[in-house]
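User: I would like to go through how some descriptive terms are justified for a structure. Please set each value beside the rule that it has to meet.

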Amino acid sequence: MRCQTPVHLQFSESGKFRILAIGDSHEKLEFNEKTEDMLRLLNASAEYLHPDMVVFMGDLVSRENLHENRPATEDEIFEQIVRLTKPFTSRNIPIGIVFGNHDGDPPVEDKKVVFALFNRIPKFINTDESGVTGVGNCFVPIYDHTGEKMLFNLWLLDSGSAAQDGSDGYAWVDDDQIGWYEHTCDAITAENGGVVPSIFFQHIPVCEEYELLRKTSILHPCRVRGMSMYSGSYYTRGDKLQGYLGEGPAVPARNNGQFASWKKKGDVIAAIFGHDHMNDFQGEVDGILLCQTQCSGFTMWGDGLKQGVRVIDLNEADPKSFDTYMVRYRDFFGTKCKSITPYNLLSDRWHINFKITLGVLGAAAVGAAVGTGVHKLKKFLKK
Ligand SMILES: [Fe+2]
Ligand SMILES: [Fe+2]
């Protein structure tokens, strides 16, 4: 099954292939200090990490002109796309995208407009599988260093916006998208004489991320509040979780069986997500590494100064073995940042939770001490 990807990707002579996943950028129309800080991060990532391709993980650009309170024009949206991708287009690096929930707030036709604008970017790698829910769904083969044999595969999927049933929560990947993945995977397997290892890229994480957490009490200093199907409970890191957990994973409102489908087909060795601006943990569930990517942008909420990019290093000699880790803004620039105030640098979620917990325990201790004092005073007065 020869893919129609416009850019032919292959391992280098030394058998390496490096992907950068770039979390939520939430680029805005106006250029300001926040834009400048994000572009410093992206430029440094391109310059020093030398990726063979990048994938923007959704929640990409704004489609509103907030100054004039009207929808952005196509020219204005394209201006943001050019600015966002320039660190990579200027270095001739191929670019892929997956759409996020904020890219689809108004109807899907808008995403098609944005997709068409991305198509004007040099070395844009997405195709758009027709007849499948969402925009920009595709698979991207990576060939061996001779360019002949498909050794690895990347799935880029539009994971939607709000829950399809109108309930409070995020969309789930639709049945037809799962069906497309399964029959395309079968075709790739048949053509290549066996399962081709792959990594899945999509904005909204799968529900199985909660298997990396464990339930805890509201008083735990390192707790996060469950989201969607898991709201009403608090969680903390489980034994298998590595990296940073800054918030409850914002998973779909329903588990529609996407993860089970990956397990059934057996090709997916890892899945990379955006959406959670403050998470960059990773952990293995049933043999599949689930990885969050912190936001790269500075315009939306973040966590201190943890904006960064996720590096994924593939290896031709053993395509099932790969390495992945985060490189943060502060790894390049320390605390030199124009748009983040000293207060925000101290606003790490754990610190906040820790202070709240200390406050609650302190208030309880003071209450108990006062109660004991009053009781003793009453006894003394009775004598
Ligand atoms: Fe999102
Ligand atoms: Fe976002």
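Analyst: Angles between helix axes under 35 degrees count as roughly parallel, those over 145 as roughly antiparallel, those from 65 to 115 as roughly perpendicular, and the rest as oblique. The model shown here is predicted.

User: Why are H2 and H3 called oblique to each other?

Analyst: The axes of helix H2 (residues 74-89) and helix H3 (residues 108-118) come within 10 Å and cross at roughly 55 degrees. Because that angle falls in none of the three named ranges, it belongs to the rest, and H2 and H3 are therefore oblique. As for its hand, the crossing of H2 and H3 is right-handed.

User: Which residues of H2 and H3 meet, and what makes up their contact by class?

Analyst: On the side of H2, Glu74, Ile77, Phe78 and Ile81 take part, and they meet Val113, Val114, Leu117 and Phe118 in H3. By class, this contact has seven nonpolar residues, one charged residue and no polar ones.

User: How do you know what radius of gyration to set the protein against?

Analyst: For 383 residues, a compact globule would have a radius of gyration near 21 Å, and the protein has 23 Å, which agrees with that rule. Along the principal axes, the C-alpha atoms fill a box of roughly 95 × 50 × 45 Å.

User: What percentage of the residues is buried?

Analyst: A residue is buried if 20 or more other C-beta atoms lie within 10 Å of its own, and buried residues make up 43% of the 383 in the protein.

Conventions
Residues numbered from 1 in each chain as written. Chains lettered and ligands numbered in written order. Predicted model: local features only at pLDDT ≥ 70, side-chain atom pairs only at ≥ 80, totals over all residues. Axes fitted to C-alpha atoms, helices over the stretch in contact; angles between N-to-C directions. Helix = DSSP H or I, 4+ residues; strand = E, 2+ residues; numbered from the N terminus. Left-handed = near helix turned anticlockwise from the far one by under 90°. Contact = placed C-beta atoms within 7 Å. Nonpolar A, V, L, I, M, F, W, Y, C, P; charged D, E, K, R; others polar. Rg over C-alpha atoms; globule rule 2.2 N^0.38 Å. Buried ≥ 20, exposed ≤ 12 C-beta atoms within 10 Å, placed from the backbone.
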